[in-house]
Amino acid sequence: MGLLEAIIISVIAASTPLLLAAAGELVVERSGVLNLGTEGMMIMGAACGFAGAWLTGSTFIGALFGIAAGCALSLVFAALTLGLAVNQVAAGLALTILGVGLSGLIGAGFVGEKITPAPHLYLPVLTGIPFVGKILFGQDGFVYFSVALVVAIWWFLYRTRAGLILRAVGDSHTSAHALGYPVLKIRLLAVLFGGGCAGLGGAFLPLAYTPFFIPGMTAGRGWIALALVVFSSWLPGRLAAGAYLFGAVTILQLHAQAFGLGIPSQLMTALPYLATVIVLVLISRARGSAGSVAPASLGIVFVPDR
Amino acid sequence: MKKLMMTAAAAALAIVATGFSANAAEKLKIGFIYLGPVGDLGWTYMHEVGRQALVKELGDKIETTYLENVSEGPDSERSIEQLARTGHQLIFTTSFGYMDPTLKVAKKYPKIKFEHATGFKRAPNMGTYSGKFYEGRYIQGVIAGKMSKKGVLGYIASFPIPEVISGINATILGAQTVNPDIKLKVIWVNTWFDPGKEADAAKALADQGADVIMQHTDSPAAMQVAAQRGIFAFGQDSDMIKFGPKTQLTSIVNNWGPYYIRAAKAALDGSWKAGDTWDGLKEKMVLMAPYTNMPDDVKALAQKTEAAIVAGTLHPFKCPVLGQDGKAVECKGGANLDPGQILGMNFYVKGVDDKIPGK
């Protein structure tokens, strides 16, 4: 296996949890809800996903556990922000704290256990093709699912009526409400979807990436996913590009160090965040002109009049 | 995030403390500040094992409390002070980054005894303790030098502090005794704990030809990567053989229990003094996990090296120590580098293929 091939495979693996969680959050934010609890939902997905896989011996069931855990936690968020109209930022932060604590409690009994990592695809001839074979046909299920997910989200948002309604709710909940669309119900579904994606992204870590569970193992990936949504300016295509870019920066800086290139590693570690800040600046300058910017109702609490 | 959790935890502890104070008036209250979760299987886990040993030994005379996930730096001051305010008479702060906050709180509470791990600042009521981990690293270097077929070792480093740098130096000095041309590739991940990133670093090192991986980060992720790649690795802080039954060569095991018991006994009988404890293989603060997955001659060499270090006939930093530029480093300790030079080490020795970040 050549070095470049190995690097690309590592980049894809490093990007996948970010892509999964960020894709879910993109849909949530497109519906006008800002859920800052991604890190909490991811780590819950990691703990419950590992528990599921360890108990049943199946990566697939583990992944379902992870999705369910993310959904369950997002339901708490939905109850607070949609049901009780609580401030979304505060509720999201609280959700992360809750998720980190709860996952530690759930996962405590599983620390030190190990499982078989998710199997990788193997097609007799295709996987053997030099260079591209392993990259295209030798990944695990999470990787293929994450790519399909982004395509499906793009198709949903821009090619279906339901997607149009979701975007309308995110851009002007009052207008959507006046037209008779059930704003809160749509947002509830979006939040649940986002929770499931974050849970799956978290579950990827103990199920495929590093097959063991340790409290806090998401190590801030939820925050990077949130940054990624802003970086993408809420566009699915850019989200995928951004996820692979963030992953590439992480992996390439490690290789640059092993090569002894002498680039300061601290600077490289900060690059994804720096890129996000630059994009934020560009977005704020482009506001008003054409091009997608933040959903207009993002983060604003909606209370339907009776 | 962590701050809020800590405050909540500290508040809960305060309630527990007042609730039990009536029964436990006689007991000495001992507090611990942990960097990671107790289940990290690495650094914090081993301090927790030490605390449990302490409770087992002196459980009828003491009462212990710990706060986990306390981030380093100024934020930790609140947590340390919280323990001080809730009646803890002896407080162990178990990470390098708690140094200045511990000193600050120690000055504020002169009657409370503080023990800070791996630091170098002291006060009349603040002592320090650390392990000579470089002794274990040297043995690992000898083993790695023998076991590497390609002559390339991979090292996952956390932060450029003296303890990490002296570990890297001791490793290559050990490896050079069996293979003078050995290469050591270093990757700084700028974190103590991020399993995903540790795995990424291990993959990068393996992809670039390293066939023995070692780390100064806390999770068993690198061990698992090495197992998948069919190369060798060393555990870190605790025996990680479970994560690489065919991969782990040995592991440095941090054995804090005896020290915690000693310090608590001294606090109980009034003989406690702020000291500077720096123990190694000889005093059993640093232990080596069983030597596994290596031929008998390498195992014998490792055991011989360990015995020589314990006996004091071999010192990893025996002079002359050559710096990266090939010039001998000033030798302040006579035959070996002075402890201060090791505890404050900020230079690489000859043969390390890297530049210390920020230098």
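Trainee: How many residues of strand S5 (residues 126–131) of chain B are buried?

Mentor: First, this is a predicted model, where local features need pLDDT of at least 70, side-chain atom pairs count only at pLDDT 80 or more, and totals for chains, interfaces and linings use all residues. Residues are numbered from 1 along each chain as its sequence is written, while chains are lettered from A and ligands numbered from 1 in the order in which they are written. A strand is a DSSP run of E with at least two residues, a helix a run of H or I with at least four, each numbered from the N terminus; buried means 20 or more other C-beta atoms, placed from the backbone, within 10 Å of a residue's own, exposed means 12 or fewer, and partly exposed is in between. S5(B) is mostly covered, with the buried count being six of its six residues.

Trainee: Which buried residues lie on the side of S5(B) opposite Met126(B), Thr128(B) and Ser130(B)?

Mentor: In a regular strand, side chains take turns between the two faces of the sheet. Both faces of S5(B) are covered, and the other side holds Gly127(B), Tyr129(B) and Gly131(B).

Trainee: And which residue of S11(B) is the bridge partner of Ser130(B)?

Mentor: Strands pair if DSSP finds at least two bridges between them. S5(B) pairs in the parallel sense with strand S4 (residues 113–117) of chain B over four bridges, and there Phe114(B) stands opposite Met126(B). S5(B) also pairs in the parallel sense with strand S11 (residues 276–279) of chain B, again over four bridges. In S11(B), Ser130(B) has as its partner Trp278(B).

Trainee: Over to chain A: how many helices does it have?

Mentor: Reading along the sequence, you meet the pattern α-α-α-α-α-α-α-α-α-α-α-α. Chain A has zero strands, and its helix count is twelve.

Trainee: Is Gly199(A) buried or exposed?

Mentor: You'll find Gly199(A) in helix H9 of chain A. Leaving out residues up to four places away in sequence, Gly199(A) touches eight neighbours, including Met41(A), Gly66(A) and Cys71(A); contact takes C-beta atoms, placed from the backbone, within 7 Å. Because 35 other C-beta atoms lie within 10 Å, Gly199(A) is buried.

Trainee: Which helix gives the largest share of the side of chain A that touches chain B?

Mentor: In total, 37 residues of chain A are in contact with 34 residues of chain B. Helices giving two or more residues to that side of chain A include H1 (3–30), H4 (88–107) and H11 (236–259). The largest share, seven residues, comes from H11(A).

Terms used: Two residues are in contact if their C-beta atoms, placed from the backbone, lie within 7 Å.
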